[in-house]
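I opened this notebook to record what I looked up, one entry at a time. My plan was to begin with a single packing arrangement and then work outward to the whole chain.

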Amino acid sequence: MFSCKGKQAADVAGDVPQDTVDTATVDTTDIDPMEQLITATPVPRAADELFDDFLFNFSANRKLQMERVAFPLKVVRRGDTSYVSREAWQMERFFMRQDYYTVLFDNERQMDVVKDTSVNEAIVEKIYFNTGAVQQYLFRRIRGAWMLLAMKTEAISANRNGSFLEFYHRFVTDSAFQTESLGRTVVFVGPDPDDDFARMEGILTPDTWAAFAPELPDRMIYNIVYGPPTPPGRTKIFVMRGIANGQEVEMSFHRENDRWELDKLTN
């Protein structure tokens, strides 16, 4: 299980002041030897085929990042538009300095879009529960190369996933509410403790939930929207993936009578 509650915002973006998220991720550290190696290694053309591959290189390679931001970068916040110059830009590492990232999908079929090479636009979202804001980074693939074209900040309530995000924050911060939000049956799929090569499946009840419940980030999470945003549905899959350790947690929810409930936990 992951154990990451209470460290997200500090690890990723430092303490974000109330109402200040336009340039939340500021990294003023010196270039370390690993980054020097990454920067010196030519980025293969194939890295632009899948957005995830590009995002890894964009977040780790300072030289590439400076080449792939459309300066002066347009920033829209509360209806006000400003621009960030090349000289004022701070290296954006997204989730590369933590050991996991999160993403939301509307259904299992949508999860396949991650490997779709025809996707030509994507949005990376930083969701700040402490300020109630979502900072969006808008990317588009132009003539075969992914570019960051703009940044936008909106309220969580205005986000297409606003209903689920408000539910999620209460779900991870209120243990009583979490138990109340379990569906009639919650399917659990995970490793078999008696066989390292097997998986087990069962049903979780309120009495057994605490023993299997993963620790989830409660201050800030990420989301990646692959392709044009679509209207939200009545299901949501929350995925937390380890960057280097191969761990993954999937939680499937459905909305019934304006109430979100957990249906399935997979790890």
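**A helix across a sheet**

Working with a predicted model, I first looked up helix 5, residues 162-173, and found that this helix lies across strand 3, strand 10, strand 11 and strand 12 (259-266). I also noted its direction, which is at about 120° to strand 11.

Next I asked myself in what order the strands of the open sheet follow one another. I wrote down 3-10-11-12-7-8 for the 6 strands, and I added that their pairing is mixed. At the edges I found strand 3 (100-105) and strand 8 (195-204), each of which pairs on one side only. For the twist I noted an average of 20° from one strand to the next.

I then turned to one pair within this sheet, strand 10 (residues 235-242) and strand 11 (residues 248-256), which run antiparallel and are joined by 7 bridges. As a single example of residues facing each other across strands, I looked up Lys236 and saw that Phe253 in strand 11 stands opposite.

My last entries concern the chain as a whole, for which I counted 7 helices and 12 strands. Of its 267 residues, 46% are buried. Among the contacts with a separation of 6 or more, I found that 65% come from residues 24 or more positions apart. Finally, I looked up how much area the chain exposes, and I recorded about 13,700 Å², with 50% of it supplied by carbon and sulfur atoms.

Note on methods. Residues are numbered from 1 along each chain as its sequence is written. This is a predicted model: local features need pLDDT of at least 70, side-chain atom pairs count only at pLDDT 80 or more; totals for chains, interfaces and linings use all residues. Side-chain values use heavy atoms; hydrogens and water are left out. Two strands pair if DSSP finds at least two bridges between them. Helices (H or I, at least four residues) and strands (E, at least two) are DSSP runs, numbered from the N terminus. Axes are lines fitted to C-alpha atoms, for helices over the stretch in contact, and angles run from 0 to 180 degrees between N-to-C directions. Contact means heavy atoms within 4.5 Å. Buried means under 20% relative accessible area, exposed over 50%, partly exposed in between (1.4 Å probe, protein chains only). Accessible areas come from the Shrake-Rupley method with a 1.4 Å probe; for residues, only the protein chains shown count as cover.
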